[in-house]
Amino acid sequence: MTKQLYKHYPAAAVNGLPVEKFGGRIITINSRIDARHAVSYLLRQDILGFDTETRPQFHRGGRPNKVSILQVATHNECFIFKLYVSGVPEAVKPLLEDNDVLKVALSWGDDVRSLHSRIDYQPGLFVDIQSLVGKVDIEDLSLQKIYANLFGRKISKKQRLTNWDNPDLRPDQLVYAATDAWACIRIYEELNRLMVEGDYELVEEGGEQSD
């Protein structure tokens with residue numbers, strides 16, 4: 001069945017979509033030892049989804065907050081590394097610098113800059129989804145719109161302004177964080193499938209088919 005894609009997904013249509021949530025196992029990492037075990041496991045995977053969260057800055061002119069957590073997802077699990085915990089960032093460095101495991105993210109350049117506030121590293125093999133969507137003529141660059149376009153489901157942003165430095169994040173906050181990282185894998189794999197199989201048609205926002 002041919003999939004219909006929008007060059008620009010209608011913003012008004014996003015709110016009416018069913019909400020997507022990561023349903024796999026979420027593991028929070030609070031120590032250097034746990035981080036090393038997690039990194040060892042993750043480096044044996046074929047593909048990983050990445051994202052970060054930072055405590056929001058509500059006052060203009062203040063110093064930017066350091067990145068709080070790093071989310072790394074497989075198809076069925078998501079590891080939440082609490083980067084404000086002593087020792088964890090250094091333990092994560094081999095994962096960030098790895099050049100063998102495919103790692104996918106969205107707007108990864110922003111995350112690279114954020115992570116450098118915690119650790120000095122040279123980024124390894126990462127692919128930014130924003131560099132791929134144009135190959136199927138999608139012009140939206142936000143995770144929410146890209147996901148809605150490809151899967152007809154909404155990634156909620158209600159928890160975006162969470163205090164991510166809180167040591168006791170609620171289950172709904174953890175699911176929010178995990179969903180963003182996991183969604184990167186789904187998007188990457190679907191974009192590659194569409195590029196290979198070509199079973200899609202592009203329509204303009206509003207439903208008129210493009211040339």
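**Reading loops and helix packing in a predicted model**

Modeller: Let's start at D137, which is found in the loop between β7 (126-128) and α5. Keep in mind throughout that this is a predicted model.

Colleague: Happy to start there. What is phi of D137?

Modeller: First the general idea: most residues other than glycine have a negative phi. D137 departs from that pattern, with a positive phi near 65°.

Colleague: And is D137 buried, partly exposed or exposed?

Modeller: Here a cut-off helps: buried means under 20% relative accessible area, and exposed means over 50%. D137 comes out at 40%, so it counts as partly exposed.

Colleague: Let me try another residue, S107. Where does S107 lie, and what is its phi?

Modeller: S107 sits in the loop between β6 and α4. Its phi is positive too, near 55°, in a residue other than glycine. As for accessibility, S107 has a relative value of 19%, so it counts as buried.

Colleague: L106 precedes it in the numbering. Where is L106 found, and which residues does L106 touch?

Modeller: L106 belongs to the loop between β6 (102-105) and α4 (108-115). With a relative accessible area of 15%, L106 is buried. To see what surrounds a residue, I look past its sequence neighbours. Leaving out residues up to four places away, L106 touches D111, D128, I129, Q130, L141, S142, L143, I146 and C184. There is also a C-alpha separation to read: L106 and F50 are 56 residues apart along the chain, and their C-alpha atoms are separated by 8.0 Å.

Colleague: L143 and I146 are on that list. How many of the 9 residues of α5 are buried?

Modeller: For a whole element, you count the buried residues. In α5 that gives 7 of 9, so the helix is largely enclosed by the rest of the structure. The buried ones are L143, I146, Y147, A148, N149, L150 and F151. Their cover includes β1 (3-6), α1 (11-14) and α6. After α5 comes G152, with a positive phi near 65°.

Colleague: Now the packing itself. At what angle do the axes of α5 and α6 cross?

Modeller: For a helix pair, read the approach of the axes and then the angle. Helix α5 (residues 143-151) and helix α6 (residues 171-197) have axes that come within 10 Å and cross at roughly 50°. That angle makes α5 oblique to α6. The handedness of this crossing is left-handed.

Colleague: Which residues of α5 and α6 make the contact?

Modeller: From α5 the contact takes L143, I146, Y147, L150 and F151, while α6 supplies D180, W182, A183, C184, R186, I187, E190, L191 and L194. Sorted by class, the residues of this contact are 11 nonpolar, no polar and 3 charged.

Colleague: How does that reading go for α2 and α3: at what angle do they pack?

Modeller: Helix α2 (residues 32-42) and helix α3 (residues 88-97) have axes 8 Å apart and pack at about 10°. Angles under 35 degrees count as roughly parallel. That makes α2 roughly parallel to α3. The residues involved are R32, A35, R36, V39 and L42 of α2 together with V88, A91, V92, P94 and L95 of α3. By class they are 8 nonpolar, no polar and 2 charged.

Colleague: What about R44: is it buried or exposed?

Modeller: R44 has its place in the loop between α2 and β3 (47-54). At 58% relative accessibility, it counts as exposed. R44 and W182 are 138 residues apart along the chain, and their C-alpha atoms are separated by 17 Å.

Colleague: Let's step back. How many helices and strands does the protein chain have?

Modeller: There are 6 helices and 8 strands. In order from the N terminus they run β-α-β-α-β-β-β-α-β-α-β-α-α-β. To judge overall compactness, compare the radius of gyration with a length-based rule. It is 18 Å, close to the 17 Å that the globule rule gives for 211 residues, so the chain is as compact as a globular protein of that length.

Colleague: What share of the 211 residues is buried?

Modeller: Buried residues make up 49% of them. As for contacts with a separation of 6 or more, residues 24 or more positions apart account for 71%. The C-alpha atoms fill a box of roughly 55 × 40 × 30 Å along the principal axes.

How values were computed
Residues are numbered from 1 along each chain as its sequence is written. This is a predicted model: local features need pLDDT of at least 70, side-chain atom pairs count only at pLDDT 80 or more; totals for chains, interfaces and linings use all residues. Side-chain values use heavy atoms; hydrogens and water are left out. Axes are lines fitted to C-alpha atoms, for helices over the stretch in contact, and angles run from 0 to 180 degrees between N-to-C directions. Helices (H or I, at least four residues) and strands (E, at least two) are DSSP runs, numbered from the N terminus. Angles under 35 degrees count as roughly parallel, over 145 as roughly antiparallel, 65 to 115 as roughly perpendicular and the rest as oblique. A crossing is left-handed if the near helix is turned anticlockwise from the far one by less than a right angle, and right-handed if clockwise. Contact means heavy atoms within 4.5 Å. Ala, Val, Leu, Ile, Met, Phe, Trp, Tyr, Cys and Pro count as nonpolar, Asp, Glu, Lys and Arg as charged, and the others, Gly among them, as polar. Buried means under 20% relative accessible area, exposed over 50%, partly exposed in between (1.4 Å probe, protein chains only). The radius of gyration is taken over C-alpha atoms; the globule rule is 2.2 Å times the number of residues to the power 0.38.
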